[in-house]
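Please look through the structure below slowly, turning it as you read, and follow the paragraphs in order.

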Amino acid sequence: MDLRMFVDGDWREARSGTVATATSPATGEAIGTVPDGDRTDAREAIAAATRAATGWARLSAFDRAALLHRVADVIEGKRDSLARTLTLDQGKPLKAEAYDEVDELVVYWRMAAEDAKRLGGLLPPSSGRGTRAMLVRRPRGVVGVITPWNWPYTMPAELIAPALAVGNTVVWTPAPSTAISAIALAGCVAEADLPPGVLNLVTGPGPVVGDEIARHPDVNAVAFIGSTATGRLVAEAAAGKATLLEMGGNGPLVVLEDADLDRAVEGALAACFLCAGQSCTAGERLLVHEAVHNDFADRLTAAVQDRVRLGDPFDDTTTMGPLNNPGVAAKMAAHVADAVERGATIRTGGKPAAGFPTGLYWPATVLTGVPANALAATEETFGPIAPIVTIGGLDEAVELTNASRYGLLAAIYTADLRRGLDFAERVRTGWVNVNESTNYWESHLPFGGRAGSDSGLGRVGGPHPMETFTELQTIIIGG
């Protein structure tokens, strides 16, 4: 496939003419060439978005909503092809996960369309006799969007759709390793026939294209989802602008001594192995009470061996596909090795699987005896790993949770709701699940990191990013 970027309503090559080869993590084969854009391409996209901004903002919320619903209609009509592109490009299993992501993608576009209709202002009292005050929400203008590779449809949508819905135009650059999925999504927007320049897609290296988008003076707000290290660079480049940053996580899944262990095992399977563990909400460490540690570890190991099926992501029986890129595979190997060196035991998995087209196929890995200071328990592994750390009780679970520099999400399993709510009150994370997996979320609810952590700033989900993508204008009417 010879693919192109989308700027000002047209499909085009990079101005330099250079391309990058996209390789499937599932097969190891080249699946297309993607424009290798640079700062010139980004500037042209920003200029197009700037030209389109006034006209798009002047449409009513209902007119914009109708166009966003049209995008959702196109996505629904391309469900099969979008899911297959996702599996080939990202690696997640077609039946077990890819179709679900496409379905959630539709939800994000329709939800933003409807939420924008209900986004109102205020009529505060005025101190002047006979005067009236109004507070009206206005779009900021051009929003720059920078997105990752692990959920290449839904994570862009949870930023782009609300930004467009409230009247902004968008310049978007995706992670290079899933640029083909991004182009497929941009194709749905193109087919929906939004005005030229309203959505622009520029593919290319993040340190070049993403940096230009973040720091360009005509970009009025910047939204980013990705790693903490990259998020910090984006924040520096976007200094002085409205920013929404959803960054890394190392959320624990806590299992107390009174937990329903069968339910906790179900939660751990989803927490650790959904998207092959490549999620900011993954259960990056399992803090299990010493009284139930052995029982829980045995049950989890048996469930992994019985139910997690690593294989060809196009096979309907596969529940987990390959990792997306070599960097993630190398980190997985380093974290397993570090844990073992510190005394951990590999219960299952622990090394790349043989007999597959690429070295990215890692089996679900369960580790016991993991020290609390091991890399697998303190940093994002972003792979299919379940590192079990033994704890003595709720207080230790809170202490270990708050010792992390991340503050995105935590989960706890307990039969005592009061203990679950006590945990939620004491931990510094933006989201807490009680008797649900760390990988449980609802698309309309606010999601993001706590202040002072390395997990970001602002909230995605439902209407909540619209607060970042708009600003209040005060209007006074004299008496």
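In this predicted model, the largest nonpolar core has 71 residues, and those with the most contacts inside it are Leu68, Ile75, Trp109, Leu164, Val170, Trp172 and Leu194. The largest share of this core, twelve residues, comes from helix H4. If you select isoleucine 75 and leave aside its neighbours within four places in sequence, you will find it in contact with Leu82, Val102, Leu105, Val106, Trp109, Leu185 and Cys188. A second, separate core of 59 residues includes Ala268, Val292, Met320 and Ile412. In soluble globular proteins, nonpolar side chains tend to be buried together.

Helix H4, which covers residues 94–117, also holds aspartate 100. Is aspartate 100 buried or exposed? Because its relative accessible area is 48%, and the exposed class begins only over 50%, aspartate 100 counts as partly exposed. Between aspartate 100 and arginine 79 there are 9.9 Å in space, C-alpha to C-alpha, although the two are 21 residues apart in sequence.

Turn next to an open sheet of seven strands, which has mixed pairing and the order S13-S14-S15-S12-S11-S16-S17. Strand S13 (345–348) and strand S17 (431–434) each have a single partner strand and stand at the edges, so one side of each is left without a neighbour in the sheet. On average, and with direction ignored, neighbouring strands of this sheet are turned by 25° against each other. Strands S11 (residues 252–255) and S12 (residues 285–289) run parallel and are joined by four bridges, and proline 252 has arginine 285 in S12 as its bridge partner. Helix H13, residues 394–403, lies across S11, S12, S15 and S16, and runs at about 165° to S12.

Definitions and conventions. Residues are numbered from 1 along each chain as its sequence is written. This is a predicted model: local features need pLDDT of at least 70, side-chain atom pairs count only at pLDDT 80 or more; totals for chains, interfaces and linings use all residues. Side-chain values use heavy atoms; hydrogens and water are left out. Helices (H or I, at least four residues) and strands (E, at least two) are DSSP runs, numbered from the N terminus. Buried means under 20% relative accessible area, exposed over 50%, partly exposed in between (1.4 Å probe, protein chains only). Two strands pair if DSSP finds at least two bridges between them. Axes are lines fitted to C-alpha atoms, for helices over the stretch in contact, and angles run from 0 to 180 degrees between N-to-C directions. Contact means heavy atoms within 4.5 Å. A nonpolar core is a set of buried Ala, Val, Leu, Ile, Met, Phe, Trp, Tyr and Cys residues joined through side-chain atoms within 4.5 Å.
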